[in-house]
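The following paragraphs guide the reader through selected parts of a structure, beginning at its surface and then turning to its interior.

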Amino acid sequence: MEKSALVYVILTMVTVGFGLCVENRDYVPQAIRGGREFGRGPCERRQARNRIAVFAIYCLLTGVSACRIAVGNDYWVYRDNFLLITQERHVSSEFGFNYIVKWIQELFGHDEYLYVFAFFSIITVFFFVKALEDQGSCFALSLYLLMTGGYYFNSLNSVRYYLALAMALFSMKYVIRGEYGKFVLVILAGAMFHKSVLLVIPVYLAAGFLAGASLKRWHYAAGGFFVATLIFGQSLYREIIFFFYPFYRDSAFDNGELSYANILKCACVLALALVCRRGLKDDPVKRFYFFLNLFGLVVYSCGSFIPEVSRVGYYMIIAQIFLIPGLLDCLPAGRFRRFCHGGVVCAFGGYFFLLLRGMYAVDVRLLPYLNWIFND
């Protein structure tokens with residue numbers, strides 16, 4: 001790896017360092033619970049320190065993302081689409097994305113694509129960081145998992161999708177609260193940028209229902225039936241997918257490959273959940289994240305017929321950034337807990353190293369990192 005990879009490594013280390021300054025274990029339950037009383041009252045010194053650290057993290061993540069140039073295999077494809085949108089020609093992107101692109105170029109000038117990328121970086125990172133602040137009881141570890149899991153760095157590619165993913169992550173708290181109207185509104189807003197996010201409405205609602213239910217036999221029967229439809233009803237699912245995304249049929253993305261890395265991640269998290277099952281039993285928040293991880297495991301194991309299956313699965317397994325720290329907190333203090341913490345950190349660190357090596361691939365091109373400040 002060449003020197004610019006250090007930008008990503010240093011960014012991860014520095015932001016996680018700031019994350020260690022965030023002590024929001026008492027704040028998160030209130031943020032998830034919400035209500036009219038949430039947020040009232042004086043700002044304590046600890047909460048002020050938290051906000052400063054979170055703001056610093058937001059600025060660092062936004063700066064690296066917004067200042068990039070020629071980073072990502074679809075960077076120049078997006079730039080060409082910006083020009084087509086300005087000319088009011090047909091593009092496949094959603095109307096919300098098209099409207100904002102056209103508005104920014106009318107405001108700053110024709111072919112000022114740097115401003116467009118910067119705008120979407122600002123709002124994407126906002127939703128990621130705000131979700132971490134409101135739902136990550138162990139903020140630093142959740143941030144570490146977000147970074148080393150590749151979610152942030154992949155957002156430098158596939159601009160529309162990762163904005164929708166960040167909004168889906170942000171919307172989880174509304175499902176947990178039972179504020180389904182707000183949840184649906186956030187997802188509908190996200191669908192204006194990438195309509196695939198609409199699938200999280202039934203998925204997250206199902207996870208929320210199961211999280212608050214005492215599982216009966218019919219729940220297991222319904223789950224088994226759904227898995228059977230994924231195995232024996234693939235042609236029907238494919239026709240539904242190609243109705244919305246006809247250009248995926250027989251494309252390079254329609255390759256039927258299994259994502260072994262994501263299957264392994266989901267399986268390992270499931271094993272950790274079995275070890276910590278007592279902590280899951282009476283905690284609907286952790287159970288919600290647990291069922292999303294379980295859904296992700298099913299999708300990755302049985303849904304290889306879905307084009308770009310990783311994009312479908314990411315809507316579910318991104319909940320791991322909250323589930324894993326929550327499960328580790330359930331373990332009694334001692335050697336085994338430290339071993340599990342160290343194992344998670346090392347496993348995701350190794351995964352991050354492999355991601356960095358793969359970022360040079362022609363179909364990824366997240367490295368080398370260039371920005372318009374130093375590489376103009």
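In this predicted model, Leu-6, Ile-10, Met-13, Val-14, Phe-18 and Leu-60 together form a nonpolar patch of about 520 Å² on the surface. The most is given to this patch by helix α1, which spans residues 5-19 and provides five residues. Leu-60, for its part, belongs to helix α3, formed by residues 45-66. With a relative accessible area of 31%, Leu-60 counts as partly exposed, because that category lies between the limits of 20% for buried and 50% for exposed residues.

Helix α1 itself deserves a further look. It is made of 15 residues, and the distance from its first C-alpha to its last is 21 Å, close to the 21 Å expected at 1.5 Å a residue. Which residues of α1 are buried? They are Ala-5, Tyr-8, Leu-11, Thr-12, Thr-15, Val-16 and Gly-19. These residues cover an arc of only 130° around the axis, and they therefore lie on the same side of α1. Among the elements that cover the buried residues of α1 are α3, α7, α8 (151-154) and α19 (335-358).

One of these covering elements, α7, leads to a residue of the interior. Helix α7 comprises residues 139-148 and contains Ser-142. Is Ser-142 buried or exposed? Ser-142 has a relative accessible area of 1% and is therefore buried, the limit being under 20%. Leaving aside residues up to four places away in sequence, Ser-142 touches Leu-132, Gly-136, Ile-321, Phe-322 and Pro-325.

Conventions:
Residues numbered from 1 in each chain as written. Predicted model: local features only at pLDDT ≥ 70, side-chain atom pairs only at ≥ 80, totals over all residues. Heavy atoms only, no water. Helix = DSSP H or I, 4+ residues; strand = E, 2+ residues; numbered from the N terminus. Buried < 20%, exposed > 50% of the residue type's maximum accessible area, 1.4 Å probe, protein only. Contact = heavy atoms within 4.5 Å. Patch = residues over 30% accessible without salt bridge, like charges linked within 9 Å, V, L, I, M, F, W, Y side chains within 5 Å. Areas by Shrake-Rupley, 256 points an atom, 1.4 Å probe, with all protein chains shown as cover. Salt bridge = Lys/Arg side-chain N within 4 Å of Asp/Glu carboxyl O. Expected span 1.5 Å × (residues − 1). Arc of directions from axis to C-beta.
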